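Visitor: Hi, I've got a structure I'd like to talk through. Could you walk me round it?
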Amino acid sequence: MSAAFGQLYYTSCENGLAGYPGFQFNASTPGLRPDVLADVEALAGYEPPRELAAEAGVARLDRYPVNLCYRPGPQTLLANTVFVGNDYSHRFGNYFAHALVSEDAEASLGDLLPIELWRAPFWTSSAVPDPALPELPAPPQRGRLDRAGVDKFVRSHPCWERLPDLLTAVDAAVRGGERKVVLVEHDADAVAQWIAAVSYLLPEDLVRLMSFATYLHQPQYSRLDVIGTVPGSDVDRSAFDSYLLFDMVAGRSSPIAPHRLAGLLTEIGLLDAPAVWDRAGPLADGTEQGLDDWHPVVAAAVMRPGFGEPADAAAVAPWLAGRAGRLGAHVVGDIGARVLAAAASCADAAGALRSLSEAARTAGADGLLRRIELDWADVVLRSALRGRREFDGDLELSTDEARTRARNTLAEELPRTSPENAVDALMWAARSGVEVGERTLRDTGYHVFGPLVLENRTDERSRSLLGAQPPLSWGAVDHLVTVARTDIGAVVAVLGSGIGDLLEAGKEHELVAAVAVADVRRGRLTPAEALREITPVEVDVAVLRLLWPSGGWTHGEALDVLGALRPEDCRAPIVLEWLTRSVTGPPVVGQEHLFDRLCGRLDETGLYHDLPAVVRDRIDTHATVRRLIDEMTGAGERSFGTLLDAVSRSYRSSGPQRREMIVRCLLGRIDELPNHQRAQVLVRLPDLRQTYLRIHGSAGRPGLLDLKNHVLVAWMIARMSGDRTSRPAFDEISQVVLELRDLLPRRDVRKVVTLIERADPTAAVWFAEQPRRTRTGFWPFRARTRRP
C-alpha cells in the first residue's frame, strides 16, 4: 500500500458490502483485509449520552459528541464517528463512521499528529452508492486544532494546573500499560483540546503510540490509552482505582505524583515546546522512550541560571557522565556550566557534582572541572557542614586552588558543625590531601569533640581522629579543663571510661586531679595514692569528696593519707582541715586501735603542732586516758581495783567527750581482761556496759567460746552480792546472754554448757535451767549437768 490512506464508511444503510440492509460497511477502498474491517467495526461503535439518546429528531445533531478514534499498530486506524439521527428506514439512532487505515502512519500523516485531524474537512458522514472508495491522498488536510488555540484553551481552563498530572498519567498508560486515562469534559471538542495539549508537549514518538478516543459512552470497557467522555456518559466518576480519572468538569482527578519532566514541559509551554525538542534531539541517543528517559535530555537542552530546578540538574548530571565521550568537551562544558548552580543546590549535591566531575574528566572539559571542584569546596561542603544535607565526601579535589578553597571553608565551618559532619569532613580531608590548619583542629576539638567526649559519645571513627590529630585532642582537653573548673565530677565520669588515656589528659596540669580520681574509680590507684598525684595545695573540697564520697576520713583512711603524702604536702591547709575532722570524729567500733595509731602518727610526723588547739587537746586527753587504761589492763590483781577506781573517778568527773573517749578506749581493750575483771569494769561503768551489750547483742549468732565468756561474766556479776550496782548489770547482761543463746541450735547450746561446766559448774547449772523462748512461749532447757 502507498502512503495514501485506505478509506472505509460504516453506517446503517440499505446498500453496502454486506449485501443486506442494516449496519454494515457502506463502502471501502478495495484490497483491505477482512481483519482490518473487523477492527474498524469494533472501533466505530457509537452510543449517545443518556440525555440525548431519547431525542428522536435531527434538529440538534450538533449536540452529539464526535468520536475521533486513533489506534496505532501495523495497521494504524483513524476513525471519525458522528451521530446522524435517522437511518434509511427513518429509524432513530444511526451513526456514521469514516475510517482511515495505513500500514505506514508516519508517512501517511507526514508532520501531522493524529489529533490534528480533529474536524478536518475531508471527514464525511454521508453514504455513497458506489462501494469502491478511492484512497485518501497523503498527507490529509489539517483539522481545526493548532498550538496557539490549544495553548489559549488550556491556560484559561480552571484545571490548567492539572496538566503535569495528565502528562504523567498518559506517559504511564502508554509506556507501562498501566491504568487507562479517562477525561471527562463538557463536550468532545474540549476533550480534543486536552488530547492536543498532551500531543504538543510529549515526545512525538510517544504521541504516535498513544491511542485515544474523543468520546465513548462506556470508557471503562475500552482498551485505548486515553478516552474522552461527557458528564452524561456511563462512567463511575468516583472510581479512581479502576482508571486514572481527570474530571475537568468537577475539577478533580486521581492522585498521581507528577513527573518532573511533565512539570518542566508545562512550564516551557505549548508554543515553545517545538524549539525545545529541536534542541534536545541532537543530545539524544535514540534509546529514549518516555518521560524518564527524556527528562535529562530536555533538561540539558533548556536549563540555564534562573530556569530549571535542582531536581533537573540531579537528573542531568549522571546522564551527562554516561554520554560525555559521545557529546565531546564543548557540549559537556556548555551543559555542565548551565546546570552547575542548580546541581550544587540539589538534595544530592555531592553526587551530582561527582557525576559532573566524571563527565568533565571524560570529555576533557578542564574549565568545567575547575568550576565543579571550586563549587564543591565552597557551596556543597559548607552546606553539608551546616547540616543542610548529609555529608558525602567521595569527590576528591585535583587542583591546589580547590584544596585551598576547601581548607578555608573547613576553617570557617568545622568548629561550628555537628560531630558526625566534623568526623566525615576530617576523614575526607585526609583522603583528598586537604591540609587542615592547627588552629582549626584545636578549635574543632574544643567546640565539637570536647562536648562529644564529655557526653561519652565517641565512636571508633572519632577516637581514631583524636589519636591521629594531636591538635584535635588538645582542643578536646581544653574543653575538659574548662568544664573541670566548675564541674570536675562530670570530667571524672568521662575519664573513667578510658578516653583520658587516648587524650593523654594526665599531661595537662589542670586535669591532674580529674585523672587521678578517674584512676581511683578504675582501680589503678587508692584514694590516698591519688591524692599524692595531685598537688595538695591546689586540692579543693570537691576533689576530696570525689576521692572520699563520705565527706571525711576515717581514722584508717587518715593513716593511709599520712603514709602516702610527702611530709611537706601533709601541711597543706585542706589536708590539715580534713585531718582535724578525722581526729575529732569518734573511732569506728572495733577499730579503736586505728585512732591510737593515728594520734601516734601525728606526733611522729610533727603535724601535732600544726593542728588546732582543740585537736591537740583531744590527742593529749587520749594519751592520758590510754596510759591509765594501759596500766589498768596490765595490772595485777592487787592494783587492778585501785586503777579501776581511778578510771571510774576520771569518768565521773569528765565531760561528754572525755567520757566517750574513755568508753571507746576501754572497748578496744576490754576483751584482753580476764572474765572476773571484765565483770567489775561492766558493773562500775554503766555507759560502757550499754555500748558493750549493744555491740555484742546486735552481732548476730555468737561463737561458742564468746557465749561461754559472756555467761561466766554474768555469773560473776551475780555473785557480787556486796555491790548494789551488780543486780542491774546482771539483769542486762543475762538478758543479752539468753537472747544470744536462743540464736543457736540445741546441739550448740549443749556444747556451750559443757564449756561453761569446765570453768564453773554452778554457772553451767544456772545457764542450763533458764527457759528457752520459742514461737509458742518458753520451754525449759535441761542439759545434763552435775550440781556442785
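Guide: Happy to. One term before we start: buried means under 20% relative accessible area, exposed over 50%, and partly exposed in between (1.4 Å probe, protein chains only).

Visitor: Thanks. Is Gln193 buried or exposed?
Guide: Gln193 has a relative accessible area of 18%, so Gln193 is buried. Gln193 is found in helix α6 (residues 188–201); helices (H or I, at least four residues) and strands (E, at least two) are DSSP runs, numbered from the N terminus.

Visitor: What does Gln193 touch?
Guide: Not counting residues up to four places away in sequence, Gln193 touches Leu145, Gly149, Val150 and Phe153. Contact means heavy atoms within 4.5 Å.

Visitor: What should I know about where these values come from?
Guide: This is a predicted model, where local features need pLDDT of at least 70 and side-chain atom pairs count only at pLDDT 80 or more, while totals for chains, interfaces and linings use all residues. Residues are numbered from 1 along each chain as its sequence is written, and side-chain values use heavy atoms, with hydrogens and water left out.

Visitor: Good to know. How many disulfides does the structure hold?
Guide: Zero, with a disulfide taken as a pair of cysteine sulfur atoms within 2.5 Å.

Visitor: And Cys69, buried or exposed?
Guide: Cys69 is at 2% relative accessibility, so Cys69 counts as buried. Cys599 is buried as well, with a relative accessible area of 7%.

Visitor: Switching to the sheet: what is the strand order?
Guide: The open sheet has ten strands, ordered β2-β1-β5-β4-β3-β7-β8-β6-β9-β10, with mixed pairing. Two strands pair if DSSP finds at least two bridges between them. At the edges are β2 (22–28) and β10 (252–253), each pairing on one side only.

Visitor: Which helix packs on the sheet?
Guide: Helix α1 (residues 34–44) does, touching β1 (6–13), β2, β3 (67–71), β4 and β5.

Visitor: How do β4 and β5 run?
Guide: They are antiparallel, with ten bridges joining β4 (residues 76–86) to β5 (residues 92–102). Thr76, for instance, stands opposite Ser102 in β5.

Visitor: And what about β9?
Guide: Strand β9 (residues 244–247) points Leu244 and Phe246 one way and Leu245 and Asp247 the other, and all are buried. Four bridges join β9 in parallel to strand β6 (residues 181–184), where Val181 has Leu244 as its bridge partner.

Visitor: What links β9 to β10?
Guide: They form a hairpin with four residues between them, and Gly251 in the turn has a positive phi of about 75°. The pairing is antiparallel over two bridges, and Asp247 stands opposite Arg252 in β10.

Visitor: Now the core. Which residues touch the most other members?
Guide: In the largest nonpolar core, of 190 residues, those are Leu166, Val298, Leu410, Phe449, Trp553 and Leu579. A nonpolar core is a set of buried Ala, Val, Leu, Ile, Met, Phe, Trp, Tyr and Cys residues joined through side-chain atoms within 4.5 Å. Helix α11 (residues 310–343) gives the largest share of this core, 14 residues. Apart from it lies another core, of 50 residues, including Phe640 and Leu744.

Visitor: Last one: how do α29 and α30 cross?
Guide: The axes of α29 (residues 675–684) and α30 (residues 686–697) come within 5 Å and cross at roughly 115°. Axes are lines fitted to C-alpha atoms, for helices over the stretch in contact, and angles run from 0 to 180 degrees between N-to-C directions. The two helices are therefore roughly perpendicular to each other; angles under 35 degrees count as roughly parallel, over 145 as roughly antiparallel, 65 to 115 as roughly perpendicular and the rest as oblique.
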